[in-house]
Amino acid sequence: MKKNLITILILVFPGCLYCQEKILSGEILNIAEELASDENDQETVNLYLEQLYELRENTVKINSSDETELSRLFFLTAFQIRSLADHITHKGPLESVYEIPLITGFDRAVAEIMAPFIDFSHTFQNDRNRMRCLHTLLANFMISPGENDTTLAGSSFRLLTKYKFTTGRFSGGFTSDKDKGEKMFDFISGNLAFTGSGMVRKIIAGDFSFRSGQGIHINTGIRTGLSLTSAGYMAVRNEIKPYTSAGENNFFRGVAAQMAYKKAGMIIFLSHNNLDATLTANDDSSQYTVTSFQETGIHSTSSELNKKDAVSETVLGASLTYRFRSLNGGITYSGSMFSLPLLPEKSDPEKVFDFDGKTNHILSAHYNSLLNRLLLSGEISVSNFEDIAMVQGITLRPCDRLTLNMLLRNYSPGYTAFHATSPGSSSSGRNEQGILGNFRFEAARHLFISAGCDLSRYPWLRYRTSFPSVAKRMELRFSYNPSENLAADMAFSYRYAMLDEDGGPGMAGIYESENKIFRARISYRISPNLALLTRFDHKMVQPAGDRGMLFLQDITVTLRSVPVSIWFRYCLFSTDSWESRLYAYENDLLYSFSIPALSGKGSVSCLMMKWKFMRRAEMRIKYSVRSVMKDADYFSEKDELKMQMRIWF
């Protein structure tokens, strides 16, 4: 009854509503859902959405023509960034998003992806405004009212606090995060940064992230080559930036500096950070060793608290780059030293190639070269002068309506880089050989066809697979965007994997899993007052024959008389098993996300409201209910309440 009332209330008032929220494109949401479905790398979706939120809050000054500023649009390729900068420099500033498809290397679909994250203003901060101190404070509060687990170390709510200030060339802030079941102030992160325009480009003290080349050596952000049918791959670039995420693992804590002189650049950094780990004592308990790292960042039970900050890591690194006309190249070195030796359980065949010892040295070289309509980029890296990892990317635009991409990778089983996030189907950056190819074609006006195929081979054992194996991914997508008020896409994807077959004792058999997913989505504005999105998914799993289906309806509106925006979703799902589960991105609070795995038979209802009650203050509230059928007469319901307050002055 409550769900029906919410639906009726929203549908009754379209005449006094108008839509003004910038909606993320379908491709952006597809990537988020694909990352969320990767059981091996759940943290990646946090980093991906974190960067999107940062871009929405601090949009890119696209008419600056500065490649460093434009590269903040991390989903663009080096080809697109260079083409955009040259166009603005030689032909003048852009006035609207409709001009972007006319630039070489861009089309309407890419322009729609960029739209929520760019600013077309022609003037930038003058010296007087630059000295003004700007503050932003954000607090998220999340709780599940129906849950009360007394076994947890702390309270059941989650609290996230972020503060940032900017004055002139200086900026800084802190992040505090308490997960469900943790004690207060479980994780605190902060930094101070200076940004210059001379030889010293940036200095960061505190927590920071660093990316070098293609990411197979160091990349504490998201991996390149995000989607099977993306328009290209993120550019090879070296950068440091303040770390503002709530993720508690893959970041550096110390000091970093970025310098440049003419065509040369250099980054140096020193980090000392504590890591969560599982320790094992020797027979007489005189020495401890690290058997594995704890990567969840959650400390809600006594066993998880025992692993908190169990080992420290000191990292020293430097990166040198130089630009030769159309060729950019560089080398990077890093050395990691642990306070306790790493000694994995070598009796487990899967861990035969795992790193052991206290020191890991890595040396890598990377490049990218833009030759007319051909972009070449690659990186090769070696750890402890033994094991090698390499990646090579190729992007070709034979004409403005067609883009071809290819990505080759070869990561040896023994290659170890603790802070790498590598391109490919796996983020571990080891034990993988593969080739990925795709194309994107504007077949007719407003009609785009894209397809991709990724073939992977794993020469050694891996998670859930106790034998050398192969995997395949294929996808075909049609997108039709006739106007800003209508966008439709339809996709068919295929996944093949070799896994251990569940059975009795002895050697595991081979289970060949095949997933086929069909998805159709249409977003439209009936009038300037109301925006709707409808989606249907169907999934089939072989050889089990399990099926999964999903249907959802979104409504996005904003009251005209008062500054209140509303988003509503009603979703029905039915799956035969966990293997046939489906994922659906939900609008959420800033710096928070929800991409639940929907399994079983049930429904999800969500209602979120944003109220800008003062000139520089706003509040967001989200309430969701998930109902899952347990048997013919019983439904299990789980609700969640999230609240956010944000002020800036």
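Let me begin with lysine 183, which is exposed, its relative accessible area being 53%, where exposed means over 50%, buried under 20% and partly exposed in between, computed with a 1.4 Å probe and protein chains only. This lysine 183 sits in the loop that runs between strand S5 (170-178) and strand S6 (187-195), strands being DSSP runs of E with at least two residues and helices runs of H or I with at least four, both numbered from the N terminus. Lysine 183 touches Ala153, Gly154 and Lys178 when residues up to four places away in sequence are not counted, and a contact here means heavy atoms within 4.5 Å. From C-alpha to C-alpha, lysine 183 and glycine 154 are 4.5 Å apart in space, although 29 residues apart in sequence.

Please keep in mind that this is a predicted model, in which local features need a pLDDT of at least 70 and side-chain atom pairs count only at pLDDT 80 or more, while totals for chains, interfaces and linings use all residues. Residues are numbered from 1 along each chain as its sequence is written, and side-chain values use heavy atoms, with hydrogens and water left out.

As to confidence, pLDDT is the predictor's own confidence in each residue, on a scale from 0 to 100; its mean over the chain is 84, and 89% of the residues reach 70 or more. Over residues 1-21, however, the pLDDT is below 50, and this stretch has 43 contacts in the model beyond near neighbours in sequence.

Turning to the whole chain, we have 8 helices and 31 strands, and buried residues make up 50% of the 649 residues. Among contacts with a separation of 6 or more, 59% are between residues 24 or more positions apart. The accessible surface comes to about 30000 Å², with 59% of it belonging to carbon and sulfur atoms; such areas come from the Shrake-Rupley method with a 1.4 Å probe, and for residues only the protein chains shown count as cover.

Next, the interior. A nonpolar core is a set of buried Ala, Val, Leu, Ile, Met, Phe, Trp, Tyr and Cys residues joined through side-chain atoms within 4.5 Å. Which members of the largest core touch the most others? Of its 40 residues, they are Tyr48, Leu49, Ile62, Leu73, Phe75, Leu84 and Met114. Helix H2 (26-36), helix H3 (43-57), helix H5 (78-91) and helix H6 (108-114) are the elements that give two or more residues to this core, and H3 supplies the largest share, 6 residues. A second core, separate from that one, has 14 residues, including Leu533, Leu550, Trp567 and Cys571.

On the outside, a nonpolar surface patch of about 840 Å² is made by Leu476, Phe478, Met490, Phe492, Phe518, Phe536, Met549, Phe551, Tyr570 and Leu572. Patches are made of residues with over 30% relative accessible area and no salt bridge, like charges being joined within 9 Å and nonpolar side chains (Val, Leu, Ile, Met, Phe, Trp, Tyr) within 5 Å. Strands S21 (469-483), S22 (486-501), S25 (546-558) and S26 (564-575) each supply at least two residues of the patch. Phenylalanine 536, one of its members, is found in strand S24 (residues 530-542) and is partly exposed, at a relative accessible area of 33%.

Finally, the salt bridges, each defined as a side-chain nitrogen of Lys or Arg within 4 Å of a carboxyl oxygen of Asp or Glu; the structure holds 23 of them. In one, the side chains of glutamate 579 and arginine 464 meet at 3.9 Å, N to O. Glutamate 579 lies in the loop between S26 and strand S27 (582-583) and arginine 464 in the loop between strand S20 (447-458) and S21, so this pair ties together parts that are 115 residues apart in sequence. Glutamate 579 is partly exposed at 30%, and arginine 464 is partly exposed at 35%.

Lysine 622 and aspartate 588 form another salt bridge, with their closest N and O atoms 3.2 Å apart. Are these two partners buried or exposed? Lysine 622 is buried, with a relative accessible area of 2%, and aspartate 588 counts as buried at 6%. Arginine 646 and glutamate 618 also form a salt bridge, at 3.1 Å between the closest N and O atoms, and both residues are buried. To close, Glu475, Arg477, Asp489, Arg495 and Arg521 are linked in a network of salt bridges.
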